[in-house]
Amino acid sequence: MSQQYIAAIDQGTTSSRCILFDRDGRIVSVDQREHRQIFPKPGWVEHDAKELWSNVEVVLQEAAQKSDITPDQVAAIGITNQRETTVIWDKETGEPVYNAIVWQDTRTDDLARELGGEEGQDRFRDICGLPLATYFSGPKIRWLLDNVEGLRERAERGEVLFGTIDTWVIWNLTGQHVTDVTNAGRTMLMNLQTLQWDDTVLEAMDIPRGILPEIRSSSEVYGEARGYLAGTPVASALGDQHAALFGQTCFDPGDVKGTYGTGTFLVMNTGNEPIHSENGLLTTMGYKLGDEDAVYALEGSIAVTGSLVQWLRDNLGLISTAPEIETLARTVDDNGGSYIVPAFSGLFAPHWRSDARGVLAGLTGYVNKGHIARAALEATAWQTREVVDAMNADSAIDLTTLKVDGGMTANNLLMQILSNVLGAEVVRPMVAETTCLGAAYAAGLAIGYWPDLETLRANWHKAAEWNAEMDSAKREHEYHNWKKAVERTLDWVEH
Amino acid sequence: MPGRIQSIERAAALLRLLSGAPQGVGLGEISRSSDLPKGTTLGILRTLQHVGFVEQDAETGHYRLGGGMLSLGSRYLDGNELRARALNWADSLASLSGESVRIGTLHKNRVLVVHHVFRPDSSRQSLDVGGLLPLHATSLGQVLLAHDPLARPEGGEDEEGTVADLPAFTRHTITSPDALAVRTAAVRHAGWAWEAEELVEGEVSISAPIHDRRGLTVGAIGVGGAVERLRDEDGEPDMQQVSYVRDAARAVSRELGAIRF
């Protein structure tokens, strides 16, 4: 039998990619297409759902063809995707009734507040683990039903279907109308205990159940592909952060992965029971493998990490490329007493303060641009520390190892600082494409390409590792200063 | 206003001429093309050679632009940026070769390790990014010696130009500057380097040059590991590994804009 591969599709916010993996979890081929970002009004962000699908079709075919892999060599297809982005389309024609409303879109700001009523943004938190916020799909569906002419009637008559991007891709690929628990968990409409759509929330948001897909596990055969890879099983779906958790082989409670890009997403595996956060984190799904018990997770995202480095580059001109931040930061030995809290649009997890704005604190005549570069890197590390502290408090499990991925992991100084402030080991895996790898792993497990989680663990290799080199007194002193700087961001915006 | 200085104009004309001939040009041809007597041409070339703007090929005697000229006005590639651009390719080299990967750049007269990827097994390893390696006893260094006109091994030549022996690390280290020149000429010809036990007993390394969009060698990427794995029974390097290393070097060079196809 000729060599077999798993194809992972990553339908992301800026592009669609397909990566083919071999049995050792190594990348064999990659193809990628970017799509248009549509900004009809300030705060609105849309994608053309048909463009997303046609790009997915192209990259799936190109990735195979550019490495001379024939369709029968692709054992299964896995899917990972930008989360929460919402599409509604005509069941008969497949024509979207409106552009896809992207997760970053803030048009549902007022609606989300309205839906909270007297109970406020945590009205549905016990059911779905999430606060009412513009990101999640439920309010976006409601906006479409209220604002696209005739849509509510068509929805009541069962003529249209809703999907997050996983559902849209699977429906186009196989004709099945399904989603997985990780994506369904980001709509606000799924009950975390039953893993089914929740009537209380549906009623409160006034969303007809008939347009929703069937909720399935993250790793099972949903159907067979049509088109170029006709007959190939489509066997996994995971939201991007959940796929990264899986790709980093965070299979045990307490395992944490951090994806460091323009923003940072930290996700902790908390085992088979959902943990409701007392510390400002989101309760979300980790993954669910076929008939096995679901695995839950706590999520904390940080809005500004890599984008602070971009800000130093673009707005201050301190550096000409992002990686030069490390060169500049290494011209000094410490932060010179300065701290940057990049609360550009408020503070997110675990503080959730929209009235906060950024500060550069502790300035003296001694501070130079090298100190500021170092303070910028430390800002990413301390923000991570705050989220990890919240995770440790909620889960009662202490982090020992942080598994990192994303573009900022190329910054060795940042990785060392991260290890220093966490007092924990930081490791970077050899396959940086953990999101696609996670989708491939889940698909491969579903069809028996890989026998079990142990095999996947054995595939995971360290590319690099950093250990704490800061004594705890120094660490506590610096953390104390960071917290003081955070306090100075509060109450800046007066409503 | 003082008048123009003829010899500088002539020097500029020669530099322009050499910039069009990266393979090098002989003295006779330079003299003919520039309409200058051979003696004058040679005087200008020697002066430019002295300041590092021109270099002469040891074998053919042809002249070409020197490293000093190439580094003028060109932005130096930051080692941290090289790491960021090379990250995925270095990972995939480690994964394919099963060996540890290092990327080195020239730092004074040594190799600065700017990136290190662990060997993909469960053994305990520690990062040596920031470490300095000798140019003459590593394949990374030999690649830089062969391709970067500014690279000179430490201790190879004192200020009076007296050639001294290079420090030995094992009994296989090349210590004679002449033998090293033969090795680097071979590396330049082959486009890749390998050494067996020249720095550490029992270890082999294989490296290839990374070029940027101007065709300059900005660094080298290579694998290193046990002699049993990287050298075959005939005492030759494992050619499969050589091809992985060269593919990775090409991929990083392409990432930096060196190869347009």
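A residue counts as buried when its relative accessible area is under 20%, and as exposed when that area is over 50%. In this predicted model, the cut-offs apply to two residues with unusual backbone angles. Glu197(B) has a relative accessible area of 13% and is therefore buried. Asp68(A) reaches 67% and is therefore exposed.

Both residues have a positive phi. For Glu197(B), phi is near 55°, a positive value in a residue other than glycine. Glu197(B) sits in the loop of chain B that runs between strand E6 (193-196) and strand E7 (203-211). For Asp68(A), phi is likewise near 55°, and this residue too is not glycine. Asp68(A) lies in a loop of chain A, between helix H1 (49-66) and strand E5 (74-81). Most residues other than glycine have a negative phi, and most peptide bonds are trans.

Chain A also contains a cis peptide bond. The bond joins Ala349(A) to Pro350(A), with omega about -5°. Pro350(A) belongs to the loop between strand E17 (339-341) and strand E18 (359-361) of chain A.

The two chains meet in an interface. Chain A contributes 23 residues to the contact, and chain B contributes 21 residues. The area buried between chain A and chain B is about 1800 Å². Carbon and sulfur atoms give 50% of this area. On the chain A side, Arg26(A), Ala410(A) and Met430(A) stand out. Together they supply 28% of the area that chain A buries against chain B, more than any other three residues.

Charged and polar pairs cross the interface. There are 3 salt bridges between chain A and chain B. One of them links the side chains of Arg428(A) and Asp91(B), at 2.8 Å from N to O. In addition, 9 residue pairs are in polar contact across the interface, with both residues at pLDDT 80 or more.

Three elements of chain A each supply at least two residues of the side that touches chain B: helix H11 (324-329), strand E20 (425-429) and strand E21 (462-466). The largest share comes from E21(A), with 5 residues. By residue class, the side of chain A that touches chain B divides into 8 nonpolar, 8 polar and 7 charged residues.

Definitions and conventions. Residues numbered from 1 in each chain as written. Chains lettered and ligands numbered in written order. Predicted model: local features only at pLDDT ≥ 70, side-chain atom pairs only at ≥ 80, totals over all residues. Heavy atoms only, no water. Contact = heavy atoms within 4.5 Å. Buried area = accessible area lost by both parts, 1.4 Å probe. Salt bridge = Lys/Arg side-chain N within 4 Å of Asp/Glu carboxyl O. Polar contact = N/O pair within 3.5 Å; in protein donor to acceptor, adjacent residues only side chain to side chain. Helix = DSSP H or I, 4+ residues; strand = E, 2+ residues; numbered from the N terminus. Nonpolar A, V, L, I, M, F, W, Y, C, P; charged D, E, K, R; others polar. Buried < 20%, exposed > 50% of the residue type's maximum accessible area, 1.4 Å probe, protein only.
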